[in-house]
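Reader: Please take a close look at one chain of this model and at how its strands are arranged. I would like the local detail and the confidence behind it, in one connected account.

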Amino acid sequence: MSTVTESPQGNDFALGELFQFLTEKDVRPQGHPVAAAPAPAHNGVKSALATDEAGERLRQLLLDLLDIEAQKAKANPENSEGEQVWPLRLRQLERQCRDPRVMGQVIFPIFAVLLQKKIAQSPEEIIPALALIIDRVIETRSLSDRTALSKVLATVIPGAISKQLGEAPNEVIQAIAPAMGKAITEQVRLDRDAMVDALYPVIGNTISKYMGEVVSQINDRVEQTFSLKGIVRRLSLRWQGISDAEQILRDAIPFRVQAVFLIHKNSGLVIADVQQSGAQALEADMLAGMLTAIRSFAAECSTDPRHQSELTKIDYEDFQIIMEVAGYCYIAAVTQGDPPGNFSIKLRQTLSSIILNHGYGGLLEQFDGDTRRVPDSIPQLLRELLVAPTVLEKPKVRRRPLPVGLLILLILLGIPLGWVYYRHWQKQQVILAVDEAIATTPTLALYGIRPRIQGETLILTGKVPSPDLREEAGTVALEVAPKFVLDNQLLTVVAPPDPEAIAAEAQRLTQSFGQMLGTMLTSRYDLPHQQLIVEGGAIAPEQITPLTESLRQIPGVQSVILTLNGDPSPTAQRLYFNPNSTVIAPQEQTQKLEPLVAYLQANPNIRLQIIGHTDTSGTEKINQRLAPERAEVVKAALVQLGINGDRLAIAGTIAPPPQVTESDALWLSRCVRFQVLN
Amino acid sequence: MVTVSKKICMVGDFGVGKTSLIRRFVDREFSDRYLSTVGVKISRKVVPLPPIDDIDELKLLIWDLEGQTKFKAITPTYLQGSSGVLVVADVTRSETISHIEDHLQLFFGVNPQGWVAIALNKTDLLDSDEQTYLQNSLQFNRPHILGPYLTSAKSGDNVDQIFTTLAKKMLD
């Protein structure tokens, strides 16, 4: 193949024809001058190519072809077309090489042979090539014919698993493990008995061992538990004579009586039998017979011949046969679960009542298998064992009585103690209610009012600042505790005065008085002596008492001391005006101007300057005008009262008068004052 | 429907065919294989009866006791409460026949009012002359004893008869 494609020359032999030649016998181009390789005579192509000889032949053939073309060219040197034919044929050859149909046809018959040969020569090269698709090959095959593939693989898979189990057991285990559960389930579904048989030898022992361990563990834990609950539980069980483990088992498997038989002791014949409905009925006759035989056998085997021993219990699987034996008959109860202690008592009671009611007359002793002679009451008694296996009709086991004396003592002690506690609790509730009521009353909330109860009396203690609050506290307390008698022990305590508040109040009052009296008064508070000292200009003597009385009303002021400047000089007086006014008030006229006139008339040499002032409230322009106007008005008034106007000069200023500052009251600045000129 | 139950016991030396007789009577089967009975095996067979005393059927509880050997006697306790007993001997073993008397004494000692049927078993192994001779030579003309019956568990000869006869006697 490679020889053909790499050759620079070509020929008009199609590639298909070449292989056709190779695969068919004795087909050779006519006129071939060089018959280098002998034709395969009778053997098939496969056998021819199966040897190296075939490859050699192929090569030789291709060389021959080239040779033919060369000779053709020599034979026709004048044929110019010959030169041009070569590239054309080469392209044709290439095209054919790329045509899968042609190539397929060519390779198909010998493909298997080639493959076999290649595998035989160098398998390592084939393996990677096939490895790429081997999975898909198997998949495709499994889809097309599952049975055939299964058949092929069936023979090797067990061996493969065995080998793998030996070499890498964990891999196999991990592969199989997820399906184990389902596999077992399916096997149980298909053949339960086979599974039971397979597991029986180990399961029974395993469960027994496990159960034993679990019960032992639980019991240990309960034994070690000293909690109140644990102790109470244990005491309760001990009281009934039951171990904890027994109780746990009982809880796990509820006790149930499946069947009860009354059996004639000698013959093993069934006198009466009752069974739970719904359950599979037991073969009473056979069971009774075998039980009797076993009992007889056990009695025969008894080591002590002096007294007959009785078989009382047989265990099988999770069932028990409990037997209670009397003289001529015995009861056999087939039970499930751990029988409670009461059950054996119940059995005994039932057998006793059967014997007492029916034992005489030889019914039981001479029972001959004729059940018609058995009264109905016997099955009824037996049925009791089925229905209520632990309910005793007449409990013969007397419970230990409770210590009645101790109980009574406890009650006797408990009642008064309880009453006392209850009363105490009740009082506490009332006190809490009163506390809350006081706390939610705003006027009382601040003061530490403490309520307490003594007998039927509600006592309030603490301090309040006023009698009113004291009364209010009493009222509030009685509202929430109306059944109690109130003892209001609240003290009324005057709160210590606030010096600043007193001083401010006193100052306000003093100044008001000063304004009213037309003089300037100030006050200061002397805290240690609770004295109020008032200083300022003189006031009329009849005004002194009202002033001191008023000041004394201020809380915290015990005494008032007046330090006034004696009799005031008429020229030292100041006339005060209303705001923006130039009108002289009448009292100013009489109390200040008239004395001044008298003083001036008495002292004719004295000249006065009249100075007008304004407060700072108005505009400066108005005040500039207002200040001299006030002086003018006062001069006019003095002139009118007979004073020579020459003696009076006027002036005006918007500045406050002497001794008055901007922080003082405004009215102190709205004035006219006098200044002696000479 | 009135059913009365009765207990009967099979007594005899080992290997005389007690178990085989029961199998023939109860299960209608026979096997040549010898299986020694250990202790007791109990079988039950309900025998329909013509109306006697208003009883419709009799339930037989058949106690197959372990055969007596010279080392081990029959446990008398098993015989208690048994209304009847089937004493079995093997016609091919004379000693088993001679032990019949012992078994009778044992049973009547326990149940003086009981009934006994005597089965001479394996008669299929005897020819007719031998059978006739045997029947004539063995006579138990005593009260409460039935038979002897020539029985064959293998062929079933006299098996049903011996059991039903004994059953009816026990009901009388």
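Author: What follows deals mainly with the sheets of chain A, with a short turn to chain B at the end.

This is a predicted model, in which local features need pLDDT of at least 70 and side-chain atom pairs count only at pLDDT 80 or more, while totals for chains, interfaces and linings use all residues. Residues are numbered from 1 along each chain as its sequence is written, and chains are lettered from A and ligands numbered from 1 in the order in which they are written.

Confidence comes before geometry. For chain A the mean pLDDT (the predictor's confidence in each residue, from 0 to 100) is 78, with 80% of the residues at 70 or more. Among the elements of chain A, the lowest mean, 40, belongs to helix H1 (residues 2-6), and the highest, 91, to strand E13 (residues 608-613). Helices (H or I, at least four residues) and strands (E, at least two) are DSSP runs, numbered from the N terminus. Two stretches of chain A fall below 50: residues 1-13, with 20 contacts beyond near neighbours in sequence, and residues 25-50, with 27 such contacts. A contact means that the C-beta atoms of two residues, placed from the backbone, lie within 7 Å.

One open sheet of chain A has 5 strands in the order E2-E1-E5-E4-E3, with antiparallel pairing. Two strands pair if DSSP finds at least two bridges between them. At the edges stand E2 (270-275) and E3 (313-316) of chain A, each pairing on one side only. From one strand to the next the twist averages 15 degrees. E3(A) runs antiparallel to E4(A) (residues 319-325), and 4 bridges join the two. Asp315(A) has Gln320(A), in E4(A), as its bridge partner. Helix H17 (residues 377-387) of chain A packs on this sheet, where it touches E1 (256-264), E2 and E5 (329-336) of chain A, and its direction makes about 40 degrees with that of E2(A). Axes here are lines fitted to C-alpha atoms, for helices over the stretch in contact, and angles run from 0 to 180 degrees between N-to-C directions.

Another open sheet of chain A has 3 strands, ordered E9-E10-E11, and its pairing is mixed. E9 (521-526) and E11 (559-564) of chain A each have a single partner strand, so one side of each has no neighbour in the sheet. Neighbouring strands of this sheet are turned by 20 degrees against each other on average, direction ignored. E10(A) (residues 531-536) pairs with E11(A) in the parallel sense over 6 bridges, and Gly536(A) stands opposite Leu564(A) in E11(A).

The loop between E9 and E10 of chain A holds Gln530(A). Most residues other than glycine have a negative phi. Gln530(A), not a glycine, has a positive phi of about 50 degrees. Is this residue buried or exposed? Gln530(A) is partly exposed, with 15 other C-beta atoms within 10 Å. Buried means 20 or more other C-beta atoms within 10 Å of the residue's own, exposed 12 or fewer, and partly exposed in between, with C-beta atoms placed from the backbone.

Chain B offers a counterpart. Lys122(B) also has a positive phi, about 65 degrees, without being a glycine, and lies in the loop between strand E5 (115-121) and helix H5 (128-137) of chain B. Lys122(B) is buried, with 24 other C-beta atoms within 10 Å. Between the chains, 19 residues of chain B are in contact with 19 residues of chain A.
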